[in-house]
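Let's walk through this structure together, starting from a single residue and working outwards. Have the model open beside you as you read.

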Amino acid sequence: MAQQVIRPGAVPRATARGLEPSQIRTPAQLAWRQLRRHRMALAGGAVLVVLYTLVIFAEFIAPYSLDYSDRARFYHPPVVPQFWDARGVSLRPFVHATTLTDPGLRRYSVDDTRRYYVRFFTRGEPYRLFGLIPSTVHLFGVDEPGRIFLMGTDQSGRDQFSRILYGSRISMSIGILAAGITIPIGMLYGGIAGYYGGRIDNVMMRIAEMMIAFPGFYLLLTLSAVLPTNVACTTRFYLITFILAFLGWAGFSRLIRGMVLSLKEREYVLAARAAGLDDLRVIMRHVLPNTASLVIVVATLGIPGAILGESSLSFFGFGVREPCSSWGNLLVAASNLPTLILSPWLLFPGVFIIAAVVAFNLFGDGLRDALDPRLRTG
Amino acid sequence: MLRHVLRRLLSLIPMLFGITLISFLIIQLSPGDYLAEMRLNPIVSPQTLEQMRANFGLDQPLHIQYLRWLWNALRLDFGYSFAFQVPVMWLISSRLFNTLLLNVVALAVAWAIAVPLGIHAARRQYSWSDNTLSFAAYFSISTPVFFSGLFLMYWAYKTGWLPIGGMTSIEYEFLPWWGRVLDVARHMVIPVLVLGVFSVAGLMRQMRANLLEVLRQDYVRTARSKGLAESVVINRHAVRNAINPLITIFGFELGGLLGGSAILEITMSWPGLGKLIADAVLQKDLYVVMASLVIGSVTLVAGNLIADILLAYSDPRIRYD
């Protein structure tokens, strides 16, 4: 941050109010001060930090790999580490092993004669951290034949907690990637339309309005149905991201256009033009940077939209597909009601969706209050 | 005003042209068509396939297909559904009522709850009830509709209080008319709850923000200082002005009446338009998809137009020329 840089215009005004130079705050400091007061926004930010930590260290935190499958323990209920059993209290958390007794009703009998202690930094399946560093160390695990299924398993005995962690990669990055495509396109498009105005603006906005008038979910379905199905997971993921971005740019460019319409009449823009800068440079260097706070807020509030969009698409089988996992894709297992009734833990991925979206919304609202000088409370 | 409406209606024409052209190209340029599945069926002879292709007009070049569709659509003939072998309009109108029923009831419930809650939250800004309400609002706008649908169906099964999905029970046909109404009403509780709560959150926050803005105005201070009762100040002076911007939202919601509940309809197997269209997209039932895209866009634009008109009607400061 440019904390030491004090803009020339700010000094006389601040000293006139009797402030020491050290008390002068940059816009970023003011925004941070405001954000700190917004406790809900901070809570949202904290949840996001936790979620992104899970994303980055997914292989290390997950006790099992993405493809690990224990066929003898399908639809296994969650195994939560416990501190006591019939034999008394233990300071080390442990689990009991289970065996399938009724495949129809998916009943498991618990063998409580032996404790399997939860081991931390234990050896397990090999993986590459960040796709680079080979390792076999996992944050936690239990010895065979004990199993630690924190959130139960699915129809082929895959650990749901591990799959949620791997799935968070897709679900938590799709919004950011979609925003990364939407924002430059929307800014340039809205910037040009707003800056030139008149006929150009008219035509460009009619096209954008056409995009907005498309019934969103149907267009999303139509486009995803067009996607090739026989491609790698990652390719499909990028295509879905692209579709989500394709739906988002129009509304965003309209916001930018409205703002640019008023910005272009400011003196500094006139000054830049009088100094002989060409149009593109005026737009890029002088007009668009002033929409920055709006862009940050729209991006933060737009990411949850993309997360919800991806999860809905994947839930209906149009988005990310097996064997990859995303939060929406994992919920497909819960869409069969008889299955859901016997195995309600299949709803866990939804809890992560809600947590991520609530966190982004809270943080985005706090950010908006912090970046908008009119909403600052002293 | 009339000129404004006319101009908006005129601008609808190129827009619809663009929307239908783009959707047509997207669907037709994607690999495979409705007949792809039949081609794998040994019972269907190649002659029959050619016959069907010709009947559906799929053997023509793309631009002829589109122009032919457009010409028929202008006369409100949207063609035949490949899958159901009935006219598309017939198919859509049979589902239209179910979707409208669900959405209108949900809309009414949402407004009846959201406006009073928003007023309450604004009058007691930062009280515990305001904070609780806004936190609940965050939760409801952050929950995917299909997830709350699933969760409530699970809950309905566990308690046995409500039917799970669908629109009617098996014994529907044998019920007297009031029994049928009651049966559908019972099936509607969960979908209305899911859709309603989802839009309550947004509406309530908007109402709260508007009322807070209005309560800072001079005329409210005047009303208070001349000794009017607080209830009169709120109901007669503040709320009337605060509710104006909500009319725009109302227009948007009118526009979403037909397409807004698709996800929930699919999740809870409600026999409405959304489910029909999702199936049609999957099966590449071309003309059903085209017709529903047209209907969806027209209602969206019409909703915005109605909002503009209502706004001008309720707020004399707004003039469109």
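**From one residue to the whole chain**

A good place to begin is I277(B): setting aside neighbours within four places in sequence, I277(B) is in contact with Y218(A), A262(B), V288(B), V289(B) and S292(B). Keep in mind as you look around that this is a predicted model.

Now widen the view to the core. I277(B) is among the residues with the most contacts inside the largest nonpolar core, together with M204(B), V288(B) and V289(B). That core has 155 residues. Two of these names, V288(B) and V289(B), you have already met as contacts of I277(B).

The partner Y218(A) leads us to where the chains touch. Chain B brings 36 residues to the contact and chain A brings 33 residues. On the chain B side, at least two residues each come from α1 (2–29), α6 (128–142), α7 (145–159), α12 (262–267), α13 (273–283) and α14 (286–314). What classes of residue make up the side of chain B that touches chain A? There are 27 nonpolar and nine polar residues, and no charged ones.

Finally, step back to chain B as a whole. You can count 14 helices and zero strands in chain B, so to speak a run of α elements from the N terminus on. Along its principal axes, the C-alpha trace of chain B spans about 85 × 55 × 35 Å. Chain B has 321 residues, of which 33% count as buried. Look, too, at how chain B folds back on its own sequence: among contacts between residues at least 6 apart, 72% join residues at least 24 apart.

Methods
Residues numbered from 1 in each chain as written. Chains lettered and ligands numbered in written order. Predicted model: local features only at pLDDT ≥ 70, side-chain atom pairs only at ≥ 80, totals over all residues. Core = buried A, V, L, I, M, F, W, Y, C linked by C-beta atoms within 7 Å. Buried ≥ 20, exposed ≤ 12 C-beta atoms within 10 Å, placed from the backbone. Contact = placed C-beta atoms within 7 Å. Helix = DSSP H or I, 4+ residues; strand = E, 2+ residues; numbered from the N terminus. Nonpolar A, V, L, I, M, F, W, Y, C, P; charged D, E, K, R; others polar.
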